[in-house]
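Trainee: I should like to learn how to read a model of this kind, feature by feature. Where should we begin?

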Amino acid sequence: MTHDGADAASSEPETQSESESNPGQPRQQLDVLLSNLAARGWKKSGAVKEVPVGDRGTYFMATYKKQGWTLNARHGTLSAWNQ
């Protein structure tokens, strides 16, 4: 996460791992995590990218912004990444 100038001391920490959000499938976990970001005031910035990685999985990337902060959300389903 990067910050563009807002007072970091006054901001509440907003962290959540995929494993905390939902013990189900990885894509479902990602969807829950992104919904939680939106519910906490994070705004999607730019296009969401989801591309296949050959026939072995997908790669997802989205950018969110809030009060001068930038958060890059990434997720990969390539089996080698998930071991």
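**Reading the model from one residue outward**

Mentor: Let us begin with a single residue and its surroundings. Leaving aside neighbours within four places in sequence, T63 is in contact with K43, K44, S45, T70, L71 and N72. Please bear in mind throughout that the model is predicted.

Trainee: In which element is T63 found, and is T63 buried or exposed?

Mentor: T63 is found in strand β4. Burial is judged by relative accessibility, with under 20% counting as buried. T63 has 18% relative accessibility and therefore counts as buried.

Trainee: With which side chain does the side chain of T63 make a polar contact?

Mentor: The partner is the side chain of N72, at 3.0 Å.

Trainee: How should I read K65, and where is its place?

Mentor: K65 also has its place in strand β4. Values between the two cut-offs, 20% and 50%, are called partly exposed. K65 counts as partly exposed because its relative accessibility is 39%. Beyond four places in sequence, K65 is in contact with G41, W42, K43, S45 and T70.

Trainee: How far apart are K65 and G41 in sequence and in space?

Mentor: They are 24 residues apart in sequence, and their C-alpha atoms are 8.7 Å apart in space. For the chain as a whole, residues 24 or more positions apart account for 38% of the contacts with a separation of 6 or more.

Trainee: Let us turn to strand pairing. How many bridges join β4 to β5, and in which direction do these strands run?

Mentor: There are 8 bridges between β4 and β5, which run antiparallel. One bridge pair is A62 with A73 in β5. The hairpin of these strands has 2 residues between them, and Q67 takes a positive phi near 45° there.

Trainee: What is notable about the phi of Q67, and is Q67 buried or exposed?

Mentor: Q67 has a positive phi although it is not a glycine. Its place is in the loop between β4 and β5. Exposed means over 50% relative accessible area, and Q67, at 57%, therefore counts as exposed.

Trainee: What joins β4 to β3?

Mentor: Strand β3, residues 49–52, is joined to β4 by 4 bridges, and the two run antiparallel. Within this pairing, E50 stands opposite F60 in β4. The hairpin of β3 and β4 has 5 residues between the strands, with G54 taking a positive phi near 60°.

Trainee: Which residues does V51 touch beyond four places in sequence?

Mentor: V51, which lies in strand β3, touches G57, T58 and Y59. At 41% relative accessibility, V51 counts as partly exposed. V51 and G76 are 25 residues apart in sequence, with a C-alpha to C-alpha distance of 9.6 Å.

Trainee: Now the interior. Which residues make up the largest nonpolar core?

Mentor: This core has 10 residues in all: L30, L33, L34, L37, W42, F60, A62, Y64, L71 and A73. At least two residues each come from α2 (26–39), β4 (58–66) and β5 (69–76). The greatest contribution is that of α2, with 4 residues. Among the core residues, L37 touches W42, Y64 and L71, residues up to four places away in sequence not being counted.

Trainee: How many helices and strands does the chain have, and in what order do the elements run?

Mentor: The protein chain has 2 helices and 5 strands, running β-α-α-β-β-β-β from the N terminus on. Buried residues make up 24% of its 83 residues. The chain exposes about 5,600 Å², of which carbon and sulfur atoms supply 50%.

Trainee: What does pLDDT say about this prediction?

Mentor: The mean pLDDT of the chain is 76, and 65% of its residues reach 70 or more. Among the elements, strand β2 (residues 43–44) has the highest mean, 95, and helix α1 (residues 18–21) the lowest, 46.

Trainee: Where does pLDDT stay under 50?

Mentor: One such stretch is residues 6–10, for which the model has 3 contacts beyond four places in sequence. Another is residues 17–24, with 18 contacts of that kind.

Key: Residues numbered from 1 in each chain as written. Predicted model: local features only at pLDDT ≥ 70, side-chain atom pairs only at ≥ 80, totals over all residues. Heavy atoms only, no water. Core = buried A, V, L, I, M, F, W, Y, C linked by side-chain atoms within 4.5 Å. Buried < 20%, exposed > 50% of the residue type's maximum accessible area, 1.4 Å probe, protein only. Contact = heavy atoms within 4.5 Å. Polar contact = N/O pair within 3.5 Å; in protein donor to acceptor, adjacent residues only side chain to side chain. Pairing = 2+ DSSP bridges. Areas by Shrake-Rupley, 256 points an atom, 1.4 Å probe, with all protein chains shown as cover. pLDDT = per-residue confidence, 0-100.
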